[in-house]
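Here's a quick look at a ligand site. Pull up the model and follow along.

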Amino acid sequence: METYLNAAAEIAREAGALLAQLFDHPHEISYKRPSDLVTEADRRSEALIVDRLRSHFPKHAIVGEEGGGQQTGSDYCWYVDPLDGTTNFAHGFPVFSVSLGLVYRDEIIAGVVYDPVREELFTAERGAGAYLNSKRIRVSKVGSLSESLLATGFPPSADNNNLNMQLFSSLTRLSHGIRRAGSAALDLCSVASGRLEGFWELKLNPWDKAAGSLVVTEAGGRVSDLAGGPLKLLGDEILSSNSLVHDEMCRVFAEMARARARG
Ligand code: IPD
Ligand code: CA
Ligand code: CA
């Protein structure tokens, strides 16, 4: 298992260094859909990661956001976000990361998220704790929503944004505030390292959440769907927290669902 984590850490650092180098140059932006940006950096980072993963683990499957992966029928599958925070990157806003999560059958067993701007490497392997630059990290001990700092994000397409705007508004009133920094993988790692008490998002892909959600649980936190049920990696939503404010957050989501159903 350590081989997986060491290889992933080395690859994430190499891809992060490439992103840091490209960040200082003008970016050619293209659009997958309106507001859904992609840059040369996304593609080059993914090409590098896929190349390195293939040479370390030729039999493993790889699912990369930009489509550069490989299907092998293996029980091992890497979920790769080569640049999490593309919109930030394209605008020169220095918050972005590389995220590599390894799933064995249905279980996330290793995860690495690298922030090349702060040179922060978050790592976790199942059952062995979570680390930031090799130092053990743990979630915060804050026990109430009213004393919590939270984060969320919005997908590039407008699906669910209306509901999340309402959640943003009510949770802003119930907490110390909500951040929307623009890299879901880093938001999850901020929960894991105690910088935030909770993070939720309504529409995320598996490459956004695979690595970061293991970092959260290995740091003593909890990840689930918005109702508190088991996280579905291939599903849309995620709620992560220090575990102490989890049920309170679930109650806010449930109340919002009831209010919307009443019209
Ligand atoms: C996005 C970021 C953002 C989140 C979006 C994601 P990308 O990923 O993680 O924080 O709010 O839902 O799509 O497109 O920059 O890889
Ligand atoms: Ca992403
Ligand atoms: Ca991405």
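A pocket, on a 1 Å grid over the protein atoms alone, is an open set of points with protein on both sides within 12 Å along at least five of seven lines. A molecule sits in one if more than half of its atoms lie within 2 Å of its grid points. By that yardstick, ligand 1 takes up the space of the largest pocket.

This is a predicted model, with local features needing pLDDT of at least 70 and side-chain atom pairs pLDDT 80 or more, while totals for chains, interfaces and linings use all residues. Residues count from 1 along each chain as written, ligands are numbered from 1 in written order, and side-chain values use heavy atoms, without hydrogens or water.

Around ligand 1 there are 18 residues, counted if a heavy atom lies within 4 Å. Domain 1 (2–136) and domain 2 (145–262) both contribute, so ligand 1 lies between them; the bounds come from an automatic or database assignment.

Polar contacts here are N or O pairs within 3.5 Å:

| Residue | Part | Distance to a ligand 1 oxygen |
|---|---|---|
| Asp-81 | side chain | 3.2 Å |
| Gly-85 | backbone | 2.7 Å |
| Glu-201 | side chain | 2.5 Å |

Taken alone, ligand 1 exposes 380 Å², and the protein buries 92% of that (Shrake-Rupley, 1.4 Å probe).

Methods: Polar contact = N/O pair within 3.5 Å; in protein donor to acceptor, adjacent residues only side chain to side chain. 1 Å grid on protein atoms, 1.4 Å probe; cavity = no way out; pocket = protein on both sides within 12 Å on 5 of 7 lines; lining within 4 Å.
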